[in-house]
Structure formats: structure tokens, C-alpha cells
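Trainee: Please take a close look at one part of this model for me, and follow it outward to whatever it touches. I would like a single connected account rather than a list.

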Amino acid sequence: MSVRVQTGDFDVGAEIAAMRRGNPKIGAVASFIGLVRDLNDGDAVAVLTLEHYPGMTETALEKIVAEARQRWDLMEVLVIHRVGELKPADQIVLVVVAGAHRGEAFAACEFIMDFLKTQAPFWKKEQTPRGTRWVEARAADDEAAARWHDKKPGSA
Amino acid sequence: MKIKVLYFASLREQVGTRGEDLDISPEVVSVASLRALLVARGGAWQSALAQGKALRVAVNQEVAQPATPLTAGDEVAFFPPVTGG
């Protein structure tokens with residue numbers, strides 16, 4: 001399964017090793033790890049709680065991965081996203097893309113993150129000294145996803 | 001016509017429920033008319049779902065638009081813009 005939504009942590013090294021095992025055609029692995037920061041919008045963050053829409057979230061992630069596979073020639077793709085209560089420095093999300101060369105691996109990894117942030121139904125709530133608040137969507141994330149619409153499939 | 005309606009994140013907190021089973025009249029033909037029906041409840045429903053609020057809607061777990069039609073048995077979800085990653 002190339003898409004997982006889970007409460008538990010993940011081991012990046014073990015995931016990449018499992019992906020590479022038995023496939024000497026892989027020449028490049030690009031990965032992205034998103035982490036909980038201890039500061040957001042000027043306030044200390046003690047706890048970050050992630051909510052999702054079971055079923056739709058997994059489907060949305062699978063669609064994003066399928067779109068990336070259409071655009072680039074990829075060998076393996078893995079997306080893991082955690083939900084539930086997280087603390088500063090905890091890992092939130094992992095995207096790993098394996099291909100023959102680095103160009104498609106880098107590009108697909110960034111593409112998947114840009115669309116995950118704007119399309120996949122996850123919501124963050126943060127606990128700060130001023131109380132709990134829902135994190136607002138950022139225009140910059142929409143702009144990051146929108147720039148891919150101008151790029152043709154395959155053009156890294 | 002029976003449908004299921006779900007609310008997520010800040011919207012869930014504002015309206016005070018995760019979801020509900022609704023038996024709606026056949027005149028509620030689209031996402032927009034369902035939203036208007038919920039807004040008409042007033043109070044927190046009106047402020048949370050009012051026109052102009054940045055809301056996303058899914059029908060049967062697929063992204064939907066105001067004009068998306070509703071049919072019996074549909075699962076309709078309302079939620080704020082997503083903030084994962």
C-alpha cells in the first residue's frame with residue numbers, strides 16, 4: 001500500500017530500505033519529512049492535533065499519487081501521514097519517491113506535497129498559551145499547487 | 001430522501017455535532033440547497049455555514065460544487081479548507 005494514514009510514528013530509514021529492497025533499477029530516492037514546529041504565527045505550540053476524513057483522505061492521497069505517476073516515470077511512491085495528537089519535533093508526514101533518476105524523484109516529491117497540502121482532507125489544531133485554535137489555510141500553499149497546472153506532464 | 005451529513009474540524013465544533021442522518025424533501029436537489037436548509041436553522045448553523053464562508057464540500061467522499069446534485073443515500077461532508085502536511 002503506497003498510502004497510509006496512521007497515529008503511530010514512522011521510521012524513514014526502514015521505509016526507504018523496504019522500498020528499495022530487491023529493485024536495483026532504482027537510481028534515485030527523494031524524500032520529504034514534515035515536522036511539528038514549536039512556534040506558529042508567533043505563538044508557542046505545545047500540542048498539534050490532526051483530524052482527517054477517514055476514507056476520503058486515503059482516496060485523495062491515492063489520487064495525488066496516481067497523478068504524479070502519470071506525470072513522471074516513477075518506480076515507487078510512499079505517502080505516510082499521521083493523525084491524532086503530536087508534539088513539537090514529531091514527524092507528521094513522509095513522502096518518498098523512487099525513480100531511475102533524480103529529476104523525476106525531486107519533482108514528484110514536491111508535487112505530491114503541494115497537492116497533499118491543498119487537496120487532502122486533514123486539519124490541524126494547535127494548543128498555545130493563548131488557547132487552542134484551528135490552523136488557517138495559507139494562500140501560499142494554493143499558489144504552490146497552482147504552479148503545477150502550467151507545467152506539462154513530464155517536464156520537471 | 002435520506003442522506004448522511006458530516007462536519008469536520010472547526011465546522012464540527014461550531015455546529016456541535018460530527019454528523020447527522022437527515023430526511024430531506026425532494027426539493028433539496030443540490031449541495032447549495034442543502035447548505036441553505038442548514039443555514040435556515042439559524043444560530044451557530046447560520047454563522048458557520050453562511051454564504052461567503054470558505055467551506056469545502058464533498059459528496060460521497062468526492063470534491064463537490066454548489067451545483068452538485070444530491071440523491072438518496074448520499075454522504076455529504078462540509079469542512080473548512082484543508083491544512084495537512
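Mentor: What follows is centred on helix 3 of chain A. The model is predicted, so local features are described at pLDDT of at least 70 and side-chain atom pairs at pLDDT 80 or more, while totals for chains, interfaces and linings use all residues. Residues are numbered from 1 along each chain as its sequence is written, and chains are lettered from A and ligands numbered from 1 in the order in which they are written.

To place the helix, begin with its chain. Chain A comes to four helices and 10 strands, where helices (H or I, at least four residues) and strands (E, at least two) are DSSP runs numbered from the N terminus. Read from the N terminus, its elements follow the order β-α-β-β-β-β-α-β-β-β-α-β-β-α. The radius of gyration of chain A is 16 Å, close to the 15 Å of the globule rule for 156 residues, so the chain is as compact as a globular protein of that length; the radius is taken over C-alpha atoms, and the rule is 2.2 Å times the number of residues to the power 0.38. Along its principal axes, the C-alpha trace of chain A spans about 50 × 35 × 30 Å.

Helix 3 of chain A covers residues 102–119, and one of its packing partners is helix 2 of chain A, with an angle of about 150° and the axes 10 Å apart. Axes here are lines fitted to C-alpha atoms, for helices over the stretch in contact, and angles run from 0 to 180 degrees between N-to-C directions. The two helices are therefore roughly antiparallel to each other; angles under 35 degrees count as roughly parallel, over 145 as roughly antiparallel, 65 to 115 as roughly perpendicular and the rest as oblique. Helix 2 of chain A passes helix 3 of chain A in a right-handed crossing, a crossing being left-handed if the near helix is turned anticlockwise from the far one by less than a right angle, and right-handed if clockwise. On the helix 3 side of chain A the contact takes in A:Ala108, A:Phe111, A:Ile112, A:Phe115, A:Leu116 and A:Gln119, which meet A:Ala60, A:Leu61, A:Ile64, A:Val65, A:Ala68 and A:Arg71 of helix 2 of chain A; residues are in contact if their C-beta atoms, placed from the backbone, lie within 7 Å. By class, this contact has 10 nonpolar, one polar and one charged residues, with Ala, Val, Leu, Ile, Met, Phe, Trp, Tyr, Cys and Pro counted as nonpolar, Asp, Glu, Lys and Arg as charged, and the others, Gly among them, as polar.

Helix 4 of chain A (residues 139–146) also packs on helix 3 of chain A, at an angle of about 130° and with the axes 9 Å apart. These two helices are therefore oblique to each other, and their crossing is left-handed. Helix 3 of chain A contributes A:Asp114, A:Phe115, A:Lys117 and A:Thr118 here, while helix 4 of chain A contributes A:Asp141, A:Asp142, A:Ala144 and A:Ala145. The residues of this contact divide into three nonpolar, one polar and four charged.

Helix 3 of chain A also belongs to the side that touches the other chain. In that interface, 22 residues of chain A are in contact with 13 residues of chain B. On the chain A side, strand 5, helix 2 (56–71), helix 3 and strand 9 (122–128) each supply at least two residues, and the largest share, five residues, comes from helix 3 of chain A. By class, this side of chain A has 13 nonpolar, six polar and three charged residues.

The two strands just named belong to one sheet. In chain A, four strands form an open sheet in the order 7-5-9-10 with antiparallel pairing, two strands being paired if DSSP finds at least two bridges between them. Strand 7 (84–86) and strand 10 (131–134) of chain A stand at the edges with a single partner strand each, so one side of each is left without a neighbour in the sheet. The twist averages 25° from one strand to the next. Strand 5 of chain A (residues 47–52) is joined to strand 7 of chain A by three bridges, and A:Leu50 stands opposite A:Gly84. Strand 9 of chain A pairs with strand 10 of chain A over four bridges; these two strands form a hairpin with two residues between them, and A:Thr128 has A:Gly131 as its bridge partner.

Methods. Two residues are in contact if their C-beta atoms, placed from the backbone, lie within 7 Å.
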